Amino acid sequence: MKAALGKFNSAIATAEEAFAIVLFYALLGGVVTQVFTRFVLQSPLPWTEEFCRYVFVWLSAIGTSIGIRWGSHFVAVDLPGTLTGPVKMLVASAVKIGITIVALVLLTEGIHLTLEGQNQVTPILDMQMSWAYGAVPVSGGLMLWHLAMGLLFGQRSGGLDDLFGLEEGKG
Amino acid sequence: MLVGMIVIALIGFVIGIPIAFAIGLGAIGYLFVTDLAPMSLIADEVFVAYDNLILIAVPLFLYTGLIMSEAGLTERLIAFANSLVGRVRGGLAHVNVISNVIMAGMSGAATSDAAAVGSVLIPAMVKSGYPKSFAGAITAAAATIGPVIPPSIPMLVYASFADVSVGRAFLAGVVPGFGMAFAMMVISYWLAVRRNYPITPDPFSFARVAAATVRVAPVLMVPLVIIGGIVVGVFTATEASGIAAVLAIGLGMFFYRVLSWEAMRRVALQSVVLTGSIMTVLGLAKGLAWILTRERVAATLTEALTTLGASPTMFLLSLTVILLIMGCFLDATPIMIIVLPVVIPVAKSVGVDLVHMGVVVVLSLMIGLLTPPVGITAMLVCSMTGLKMSELVQNCWPFWLGILGVILFVVLFPAAIMWVPDLVMR
C-alpha cells in the first residue's frame with residue numbers, strides 16, 4: 001500500500017513539475033508573442049496580455065506548492081534544525097500544523113472563489129474566471145498533499161541549496 | 001487584537017514556519033476572532049497578488065540570470081572584468097564587483113547573482129591566496145548591487161505597490177548602484193593594501209581587454225537591450241524581461257552552443273519555484289496589509305507624523321532605521337509587503353517623492369540581505385563555502401558601512417539620483 005502510494009506521489013510530483021515548466025514557457029511564449037506582434041507585425045494581438053496574466057497566476061500557485069515539497073519557502077529562523085529529540089518533533093509538528101491551516105484556508109476558500117467565478121468571464125479571452133481562480137484551491141490542495149506525503153515519506157532538505165543547485169562547501 | 005495578529009506571526013517566524021505562512025496565520029487568526037471580513041479575504045487577496053501584470057517580469061528576469069550562469073556565460077564576464085581591473089591591488093575582489101555590476105543589468109536578484117558569480121570566483125579567489133571569509137564577504141556584498149542597478153525585482157515589487165513608473169524607479173537606481181560598486185571597490189582596495197592581498201599575475205594589456213571584450217560582447221548585449229529598451233520606451237519591463245530571456249537562450253543554445261535542453265528544463269523549474277516563494281509572501285501578506293489598512297494603522301501614523309511636522313529627510317532616515325532593523329529578521333519582499341501599505345500614504349502626506357523613496361527602501365533592504373540572523377545572500381554564500389555566518393559577518397561590516405554611506409547620500413541629496421529618471425523620462 002505504502003509503495004503504491006509512493007509511486008502515485010512520484011507521479012503527482014512529476015506531473016506538477018512538468019506543468020510548472022509548461023507554464024513557464026507558455027508565459028515566455030506569450031510575452032514574446034506580444035512583443036513580436038506589436039513591434040514586428042505592427043498589429044498587436046489583443047489576448048496576449050490576459051493570457052500572460054492568468055498563466056502567471058497559475059505559475060505562482062504551482063511554484064508555491066512545489067516550494068512546500070522542496071522546503072524552499074523563506075524562513076526567518078530554522079528552529080527545528082537546531083533542536084533534537086522530542087522538542088524538535090514538537091516544534092516541527094507546530095510548523096507543519098501552521099502551514100496546514102493556511103493551506104486548508106486556501107483550499108476551502110479558494111473553492112468558494114472558484115465557484116463564484118463561474119458567473120464571471122474575462123473581458124478578452126471570454127474565459128470563465130473559475131479557470132483563473134482555480135489556481136488558488138489547486139495550490140492549497142497540492143500543499144496539503146505534499147505535507148501529508150512529507151509525513152509519510154520524509155521531506156527533501158531543500159532550501160537555497162536546492163534552488164540554486166548548490167552543494168555544501170562547493171566554494 | 002492587532003497586537004495578537006502580530007504576535008501570532010512573530011511566534012511563527014521564531015519557531016520556523018515559513019515567513020509567508022506565519023504572516024498568513026496571523027491574518028487568519030485575526031479574521032477568525034473578529035468580524036472585520038470573511039475568511040474568503042485570504043483567498044481573494046492571494047489571487048489579487050498573483051494577478052499582477054508588472055510582476056510577470058520576475059520569473060523571466062530570474063530565468064535570464066540563471067540561464068547566463070548555466071551556459072557558462074558568467075566565466076566570460078569574469079574574464080572580461082579581470083582584463084580590466086585584475087591588476088589593481090586586490091584584483092579579484094574588483095573583478096567580483098565589476099562582474100556583479102554587469103550581472104545586475106540582466107537578472108535583478110541578489111541571490112542568483114551571488115550563486116552565479118560566487119560559484120566561479122570564490123574558488124578562484126581562495127586559490128589565489130585570498131582568505132575564504134573575505135572572498136565570501138565580497139561576493140555576498142557585491143551581489144546586493146544587483147537589485148539596485150536595473151532591472152530589479154525588489155524595485156518591480158515596490159513599483160507595483162507604490163503605483164509609480166517602473167522605468168523611472170529602475171533609472172533612479174542607476175547612480176546608487178554604481179555608487180555602491182565604487183564604494184565596494186574603494187573598501188576592497190583599502191583592505192587589500194592593509195592585508196597584502198594579491199594582484200592578478202597577468203599584466204594589463206589593451207590586446208587582452210580587446211580579446212575579452214570580443215568574447216563577451218554578445219553577453220553584454222543582454223543588459224543593453226533590457227535597459228536600453230526600457231529607457232527609450234520601446235518595451236515595458238515585462239516585455240524587456242521576455243526579450244532578455246530569449247536572448248539568453250539564443251546565446252547559450254545557438255551562439256555558444258553550451259546550453260542543453262535539460263538545463264533549460266531545470267532552470268525553468270528553479271525560476272518557477274523561486275517566483276512561487278516570492279509570490280506566496282506577496283499573496284499571504286496582502287491579507288495582513290488589508291487588515292492594517294482597514295484598521296487605520298497608516299492613517300493614524302500619518303496624523304501623528306503630520307502633527308509632529310516631520311520633514312521628508314527625517315521621514316526617510318527613520319524609515320531607513322526601521323528597514324535596517326527589520327532586515328535582520330526578514331527577507332526584502334515580506335518587509336516591503338508589511339511596511340509599504342502603511343508607509344506609502346504617510347510618505348505622500350509628508351511630501352516624499354515615491355520614486356526617491358523606492359531607492360531608499362531597496363538600498364536599505366540590501367543591507368538586510370547581509371545581516372544575521374536572516375541575511376538570505378549571506379546564508380547562500382555560507383552554504384556555498386561552508387563558512388560560518390560569524391566568519392562572514394566579520395568580513396562584511398566594512399561593506400555594510402559602504403552601503404550605509406550610499407543610503408545617506410541618497411537620502412540627503414535626492415537631486416543627485418533623480419536627475420537620471422528626470423533626464424531620460426521627462
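These legends walk you through six close-up views of a predicted model.

Chains carry letters from A and ligands numbers from 1 in the order in which they are written, and residues are numbered from 1 along each chain as its sequence is written. Local features need pLDDT of at least 70 and side-chain atom pairs count only at pLDDT 80 or more, while totals for chains, interfaces and linings use all residues; side-chain values use heavy atoms, with hydrogens and water left out.

**View 1. The largest cavity has a lining drawn from chains A and B.** Rolling a probe the size of a water molecule over the atoms shows where empty space is left. A cavity is a set of points, on a 1 Å grid over the protein atoms alone, where a 1.4 Å probe fits but cannot get out, and lining residues have an atom within 4 Å of a point. Grid points are joined across faces, edges and corners, and a volume is the space filled by probe spheres set on the points. The structure holds two cavities of 30 Å³ or more, and the largest encloses about 240 Å³. Its lining has 20 residues, with Ala109(B), Ala110(B), Thr111(B), Ile278(B) and Asp331(B) nearest the centre. Helices here are DSSP runs (H or I, at least four residues) numbered from the N terminus. Helix H7 (160–164) of chain A gives at least two residues to this lining, and so does each of helices H7 (110–127), H9 (153–162), H14 (261–294), H17 (332–350) and H19 (376–385) of chain B. By type, the lining has 15 nonpolar residues, four polar and one charged. In this count Ala, Val, Leu, Ile, Met, Phe, Trp, Tyr, Cys and Pro are nonpolar, Asp, Glu, Lys and Arg are charged, and the others, Gly among them, are polar.

**View 2. The second largest cavity meets a cis peptide bond at Pro150(B).** About 30 Å³ of space lies in this cavity. Around it sit Pro150(B), Gly167(B), Phe170(B), Leu171(B), Ile227(B), Ile230(B) and Val231(B). Helix H10 (166–172) and helix H12 (206–232) of chain B each give two or more of these residues. Most peptide bonds are trans. The bond from Pro150(B) to Pro151(B) is cis, with omega near -5°, and Pro151(B) belongs to the loop between helix H8 (132–143) and H9 of chain B.

**View 3. The second largest pocket has a lining of 31 nonpolar residues, one polar and no charged.** A pocket is an open set of points with protein on both sides within 12 Å along at least five of seven lines. This one has a volume of about 750 Å³. Of its 32 lining residues, Ile322(B), Met326(B), Leu330(B), Ile338(B) and Val339(B) are closest to the centre. Helices H1 (2–15), H14, H15 (297–308), H16 and H17 of chain B each supply at least two of the lining residues.

**View 4. Helix H16 of chain B keeps its buried residues on the same side.** This helix runs over residues 312–327 and reaches 22 Å from its first C-alpha to its last, close to the 22 Å expected at 1.5 Å a residue. The expected span is 1.5 Å times one less than the number of residues. Its buried residues (under 20% relative accessible area with a 1.4 Å probe, protein chains only; exposed is over 50%, partly exposed in between) are Phe315(B), Leu316(B), Leu319(B), Thr320(B), Leu323(B) and Gly327(B). They share a side of H16(B) because they cover an arc of only 140° around the axis, taken from the directions from the axis to the C-beta atoms.

**View 5. Salt bridges join four residues of chain B into one network.** A salt bridge is a side-chain nitrogen of Lys or Arg within 4 Å of a carboxyl oxygen of Asp or Glu. Arg266(B) and Glu70(B) meet at 2.3 Å, N to O. Arg266(B) is in helix H14 and Glu70(B) in helix H4 (residues 57–70), so this bridge ties together parts 196 residues apart in sequence. Arg265(B) and Glu262(B) pair at 3.1 Å, and both lie in H14, three residues apart, about one turn of the helix. Shared partners link Glu70(B), Glu262(B), Arg265(B) and Arg266(B) into one network.

**View 6. Asp163(B) and Asn196(B) both have a positive phi.** Most residues other than glycine have a negative phi. Asp163(B), with phi near 55°, lies in the loop between H9 and H10 of chain B. Asn196(B), with phi of about 55°, is in the loop between helix H11 (174–195) and H12. Asp163(B) is exposed at 70% relative accessible area, and Asn196(B) is exposed at 58%.
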